[in-house]
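Biologist: I have a model open and want to learn how to read its features. Could we start with the aromatic rings?

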Amino acid sequence: MAMISFAAVVSTGGFSNAANLLGYSKAAVSRQIAKLEQSIGVRLLERTTRSVSLTPAGREMYARCARIVDEVNEANQIITGMVSKPRGDLKVNAPVVSSLFDLTAIIPRFLQTYPDMRLFLNLSDSKVSMLKGRFDVAFWMGDPFDSSLEAVRLRDYPMVLVAAPTYLASAGRLSTPNDLKDHICIIETHLSKVGEWRLSDDVSVAVNRGPLTSNSVRMAREATLQGLGVSYLPRFLVGEDIAANRLEPLLTDVVTESIPLHIIFPRGNFALSKVRAFVDFVRGEMQDKSNAVPSASALLAPESMD
């Protein structure tokens, strides 16, 4: 009750508004705030006759308290069968190159469909923040990396070996996968193992570590354009470069591997209507219509989550 009262005061701008929202007296709300401040030993609110403002400690508390209250309220609604429309804040992490698979176009359509949602989008290729629980959902290129996370496969993206014409003019072209051992390779650790590239179901090759190893596909692409070596990247990232002859695809008769795009989230988050709505909406927007797949709701039905 104390945290709910505190969040209500901050979100509504005052004790009277919070009391009206919660259906309690102004004095009851004030007592709850005082109880919360006493229990943690710091002042959370600065009060004047005209306004209420957050202290530095209050801002820190509200950043956590508001989310807890939101999820508690939604969990209560789920238990009582009262969830009718997704609402609240949703924190999403996505790769820096997310615009290339239309996520930046899909999210505005999602917010138009669910006007009671507020979405915070962070662009990062790191998995650390997801494991620390800073995001409700995240997009991930490649295989899921942690068994504590649920993963819904959205679609697959073909991979391609590429190099700049300037590099090939000096280093020579490849005839077979084994030729890669004689070439400088730009290693991208997000999508491939260091020292090995899987080109197809039955072809994996050892590659030498070149001058650059990075977890950023954008960095790998730029280094390849500058003629530093051969890289192995999703075709959608370098399709325009290939069309403009800035990069040349290599061993096209061998490379058939695709990299999957997943949406991942902590186990249990799918019970939240805001997460469930987002996952299903994105899946519906991104799935290959010629190869229809079940919705995330079907894939993650209770009987399939044991």
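Modeller: Yes. This is a predicted model. A search of the whole structure turns up seven aromatic pairs.

Biologist: Which pair is tilted, with 35° between the planes?

Modeller: First the general idea. Two numbers describe a pair of aromatic rings: the distance of the centres and the angle of the planes. Here, the tilted pair is Trp 197 with Tyr 232, at 5.6 Å centre to centre and 35° between the planes. Trp 197 sits in strand E8 (residues 196-200) and Tyr 232 in strand E11 (residues 230-234), so the pair ties together parts 35 residues apart in sequence.

Biologist: Are Trp 197 and Tyr 232 buried or exposed?

Modeller: Trp 197 is buried, and Tyr 232 is too.

Biologist: Which residues form an aromatic cluster?

Modeller: Phe 110, Tyr 114, Phe 139, Phe 278 and Phe 281 form one.

Biologist: Now the core. How many residues does the largest nonpolar core have?

Modeller: It has 62 residues. Phe 139, Leu 161, Leu 180, Trp 197, Leu 199 and Phe 278 have the most contacts inside it. Strand E6 (residues 149-163) supplies the largest share of this core, eight residues. A second, separate core has 15 residues, including Ala 2, Val 9, Ala 18 and Met 61.

Biologist: What does Phe 139 touch, leaving out residues up to four places away in sequence?

Modeller: Among its contacts are Val 92, Asn 93, Ala 94 and Pro 95. Leu 103, Leu 154, Phe 278 and Val 282 are also among them. So Phe 139 appears twice in our picture: it is in the aromatic cluster, and it ranks among the core residues with the most contacts, under the definition of a core as buried residues joined through side-chain atoms.

Biologist: How do I read a helix with a buried side?

Modeller: An α-helix has 3.6 residues a turn, so residues three or four places apart point the same way. Take helix H5 (residues 103-113), where Leu 103, Ile 106, Ile 107 and Phe 110 are buried. They span an arc of only 100° around the axis, which puts them on the same side of H5.

Biologist: What covers the buried residues of H5?

Modeller: The cover includes E3, E4, strand E5 (137-141) and helix H10 (273-286).

Biologist: Next, charges. How many salt bridges are there?

Modeller: The count comes to nine. Read each one in steps: partners, distance, place in the chain, exposure. Arg 47 forms a salt bridge with Glu 37, their closest N and O atoms 3.4 Å apart. Arg 47 lies in strand E1 (residues 45-47) and Glu 37 in helix H3 (residues 26-40), so the pair ties together parts ten residues apart in sequence. Arg 47 is partly exposed, at 33% relative accessible area. Glu 37, at 11%, counts as buried.

Biologist: Which partner does Arg 118 have in a salt bridge?

Modeller: Asp 89, with the closest N and O atoms 2.6 Å apart. This pair links distant parts of the chain, 29 residues apart: Arg 118 is in strand E4 (residues 117-123) and Asp 89 in strand E3 (residues 88-94). Arg 118 counts as exposed at 56% relative accessibility. Asp 89 is partly exposed, at 34%.

Biologist: Any other bridges to look at?

Modeller: Try Asp 156 and Arg 153, whose side chains meet at 3.0 Å, N to O. Asp 156 is partly exposed at 38% relative accessibility, and Arg 153 is partly exposed at 41%. Then look at Arg 198, Asp 201 and Glu 257, which are linked in a network of salt bridges.

Biologist: Loops next. Where does Ile 184 lie?

Modeller: In the loop between helix H7 (165-171) and strand E7 (185-188). Ile 184 is partly exposed, with 38% relative accessibility. Compare sequence with space: Ile 184 and Pro 211 are 27 residues apart in sequence and 7.8 Å apart C-alpha to C-alpha. Ile 184 touches Pro 211, and its other contacts include Tyr 167, Leu 228 and Val 230.

Biologist: Last, confidence. What average pLDDT does the protein have?

Modeller: The average is 82, and 85% of the residues score at least 70. Where pLDDT is low, the predicted coordinates should not be read in detail. Among the elements, helix H11 (residues 296-299) has the lowest mean, 44, and strand E12 (residues 248-250) the highest, 97.

Biologist: Where does pLDDT stay under 50?

Modeller: Over residues 289-306, for which the model has 26 contacts beyond four places in sequence.

Methods. Residues are numbered from 1 along each chain as its sequence is written. This is a predicted model: local features need pLDDT of at least 70, side-chain atom pairs count only at pLDDT 80 or more; totals for chains, interfaces and linings use all residues. Side-chain values use heavy atoms; hydrogens and water are left out. A nonpolar core is a set of buried Ala, Val, Leu, Ile, Met, Phe, Trp, Tyr and Cys residues joined through side-chain atoms within 4.5 Å. Buried means under 20% relative accessible area, exposed over 50%, partly exposed in between (1.4 Å probe, protein chains only). Helices (H or I, at least four residues) and strands (E, at least two) are DSSP runs, numbered from the N terminus. Contact means heavy atoms within 4.5 Å. A salt bridge is a side-chain nitrogen of Lys or Arg within 4 Å of a carboxyl oxygen of Asp or Glu. Rings of Phe, Tyr and Trp (its six-membered ring) pair if their centres lie within 6.5 Å; planes under 30 degrees apart count as stacked, over 60 as edge-to-face and the rest as tilted. pLDDT is the predictor's confidence in each residue, from 0 to 100. The arc is that of the directions from the helix axis to the C-beta atoms.
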